[in-house]
Amino acid sequence: MSSTVAFIGLGHMGGPMAANLVRAGHRVRGHDLLPGLVDAAATTGVEPAGSAAEAAAGADVVITMLPAGRHVLALYREGLLAAARPGTLFVDCSTIDVADARAAHRAVTDAGHRALDAPVSGGVVGAEAATLTFMVGGGEAEFAAAGPLLDAMGRKAVHCGAAGAGQAAKICNNMILAVSMIGVSEAFVLAESLGLDHHALYDVASTASGQCWALTVNCPVPGPVPTSPANRAYRPGFAAPLMAKDLGLAANALRSGGVDAPLGLKAAQMYADFAEGEGADLDFSAIVRTLRHGGANPNGTPA
Ligand code: NAD
């Protein structure tokens, strides 16, 4: 069944996601603070709206794809919830703090609407190809209601639990990824110092207990996995600043929950430093370079 969707935030992710909803037969009214993005979306069939509230008026579903929790909460509290008709389904696909996601759920339901948090993985490539994975928090009925829209924008949607569970799953997964990427990178740097060839380490670890996505898909050194960003000068991929952002959210949740996770916190600090410096435009796997700094073999060629 086709729905009328308000889509707020037509950036790198939101633009192609909104276009895929149009392609699937939904009526989409889009808004972004940047008029150029609204114009670009119009070329894909998204109807331009002069404000978020205008887009939301009369819509069945309001989807937000915004930079951070403060943007989502400000928008919700400053008129968007009031502009929607009662019972509208609000689906926030932005990656935001778990606490902010829970506050957003409360604001939505207090205003007489329905809410889901539905952050994504898959990046811009997944947004364009409609192959995103959605991690969803909220009620069973809301998850079912959003199903056709999530199917139009992605390949998989996992119902993770109640309000905030989607955001929780996203930051937990990315904490695993960051720690494992640093671990794989350190192992390659150690191999270099020991004179062990990259391919030899890869051939062993990829079929042994060191096997993981950071090694076998996004291998941080060029050669063993020809499609990994390391083979194209670390062009992203998954950009280091996005990893730093997600780890910052994980660190917030660790601290506020009093959870002792030294590796997660260390990874968050390493990626924050890397993203501010040489990693600003690079894939997150390029952190292997910083691990070589100060080492005996800065070029990364097997000794
Ligand atoms: P982006 O900066 O390209 O897009 C965000 C858009 O929101 C911008 O165009 C901005 O103008 C707009 N915006 C901000 N406040 C607004 C408001 N009040 N009203 C209307 N528009 C407003 O960012 P992006 O890369 O599309 O990422 C969006 C979200 O998706 C972020 O939370 C990010 O962490 C998450 N995410 C991004 C990727 C990725 O690869 N880019 C992958 C997974 C998740």
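A backbone N or O atom of Pro67 lies 3.2 Å from an oxygen atom of the ligand, a polar contact being a pair of N or O atoms within 3.5 Å. The model is predicted: local features need pLDDT of at least 70 and side-chain atom pairs count only at pLDDT 80 or more, while totals for chains, interfaces and linings use all residues. Residues are numbered from 1 along each chain as its sequence is written, and side-chain values use heavy atoms, with hydrogens and water left out.

Leu66 also contributes through its backbone, with an N or O atom 2.8 Å from a ligand oxygen. His12 uses its side chain, where an N or O atom is 2.7 Å from an oxygen atom of the ligand. The protein buries 84% of the 830 Å² that the ligand exposes when taken alone, by the Shrake-Rupley method with a 1.4 Å probe.

I turn to the shell around the ligand. A residue belongs there if one of its heavy atoms lies within 4 Å of the ligand. Of the 23 residues, those coming nearest are His12, Met13, Asp32, Leu66 and Lys245. By class, 12 are nonpolar, eight polar and three charged; Ala, Val, Leu, Ile, Met, Phe, Trp, Tyr, Cys and Pro count as nonpolar, Asp, Glu, Lys and Arg as charged, and the others, Gly among them, as polar. Helix H4 (69–83), helix H6 (123–129) and helix H11 (240–257) each supply at least two shell residues, helices being DSSP runs (H or I) of at least four residues, numbered from the N terminus.

Conventions. Polar contact = N/O pair within 3.5 Å; in protein donor to acceptor, adjacent residues only side chain to side chain.
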